[in-house]
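Got the viewer open? Let's walk through this one together, from the whole chain down to the ligand.

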Amino acid sequence: MHQYAQQPIPEDSIHHILNVGLRAQSAKNTQPWHFIAIREPYTLEALSNLGTYAGHLNGADLGLAKLTPDPSQCYSIMFDAGQAAAYMQLAAWEMGVGSCLATIYEPEAARELLEFPQDLHLNVAISLDYPADPEILSAPSKAGGRRSFSEIVHFERG
Ligand SMILES: Cc1cc2nc3c(=O)[nH]c(=O)nc-3n(C[C@H](O)[C@H](O)[C@H](O)COP(=O)(O)O)c2cc1C
């Protein structure tokens with residue numbers, strides 16, 4: 001359960017976060033993304049109902065809908081868009097703003113809600129807000145929260 005402080009993020013901080021997303025690298029510099037910044041509580045609530053684990057969008061100060069071309073066309077689309085998302089999350093973190101991704105399982109309902117064109121697709125959104133407890137931003141990973149170094153990292157051969 002994500003607990004947000006429901007404290008408004010200043011406009012210039014939101015612009016900074018979005019600008020960092022625009023600076024992300026991408027395959028052949030295709031920049032395969034558009035971002036819809038959402039602050040209307042009604043829209044965030046409606047979007048939160050379009051994913052099984054998207055409830056944290058409801059009540060967040062800001063939602064970012066990450067639109068891409070059809071990701072089944074090229075593996076790099078989601079790779080690139082994922083990097084833009086991660087950079088925005090890190091930029092937010094630096095300003096004390098927490099975030100969480102939300103997988104959207106009803107893309108056509110999302111299109112109707114947010115009125116974006118047919119050639120774009122919404123698979124992942126991000127909720128952002130100041131956390132109710134700021135300590136959470138620098139808390140160590142929970143036990144079992146990450147697989148171990150030796151399980152993941154291989155030198156020279158897999
Ligand atoms: C592609 C992707 C989709 C995700 N979808 C959701 C989601 O629908 N709901 C959610 O609460 N978290 C979602 N997450 C967040 C992950 O669950 C989270 O990063 C992971 O559990 C590790 O948590 P931590 O980074 O807080 O340690 C998603 C993450 C990724 C990378």
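We'll start zoomed out and finish at the ligand.

Keep in mind throughout that this is a predicted model.

**Stop 1: the whole chain.** Switch to cartoon and color by secondary structure: you should find 5 helices and 4 strands. Follow them from the N terminus and the order is α-β-α-β-α-β-α-β-α. Now show just the C-alpha trace, which spans about 50 × 40 × 30 Å along its principal axes. The radius of gyration is 16 Å, in agreement with the value near 15 Å that a compact globule of 158 residues would have.

**Stop 2: inside and outside.** Turn on contacts between residues at least 6 apart in sequence; 75% of these join residues at least 24 apart. Of the 158 residues, 40% are buried. Add a surface next: the accessible area comes to about 9,900 Å², with 53% of it belonging to carbon and sulfur atoms.

**Stop 3: the ligand.** Select the ligand and show its surroundings as sticks: Tyr53, His56, Cys100, Leu101, Ala102, Thr103 and Arg146. By type, that shell divides into 4 nonpolar, 2 polar and 1 charged.

Which atoms should you pick for distances to the ligand's oxygens? Try these:

- Thr103: a backbone N or O atom sits 2.8 Å from a ligand oxygen.
- Arg146: a polar side-chain atom is 3.0 Å from a ligand oxygen.
- His56: a side-chain N or O atom is 3.4 Å from a ligand oxygen.

Finally, put a surface on the ligand: on its own it has 620 Å² of accessible area, and the protein covers 41% of that.

Notes:
Residues numbered from 1 in each chain as written. Predicted model: local features only at pLDDT ≥ 70, side-chain atom pairs only at ≥ 80, totals over all residues. Heavy atoms only, no water. Near = heavy atom within 4 Å. Polar contact = N/O pair within 3.5 Å; in protein donor to acceptor, adjacent residues only side chain to side chain. Areas by Shrake-Rupley, 256 points an atom, 1.4 Å probe, with all protein chains shown as cover. Nonpolar A, V, L, I, M, F, W, Y, C, P; charged D, E, K, R; others polar. Helix = DSSP H or I, 4+ residues; strand = E, 2+ residues; numbered from the N terminus. Rg over C-alpha atoms; globule rule 2.2 N^0.38 Å. Buried < 20%, exposed > 50% of the residue type's maximum accessible area, 1.4 Å probe, protein only. Contact = heavy atoms within 4.5 Å.
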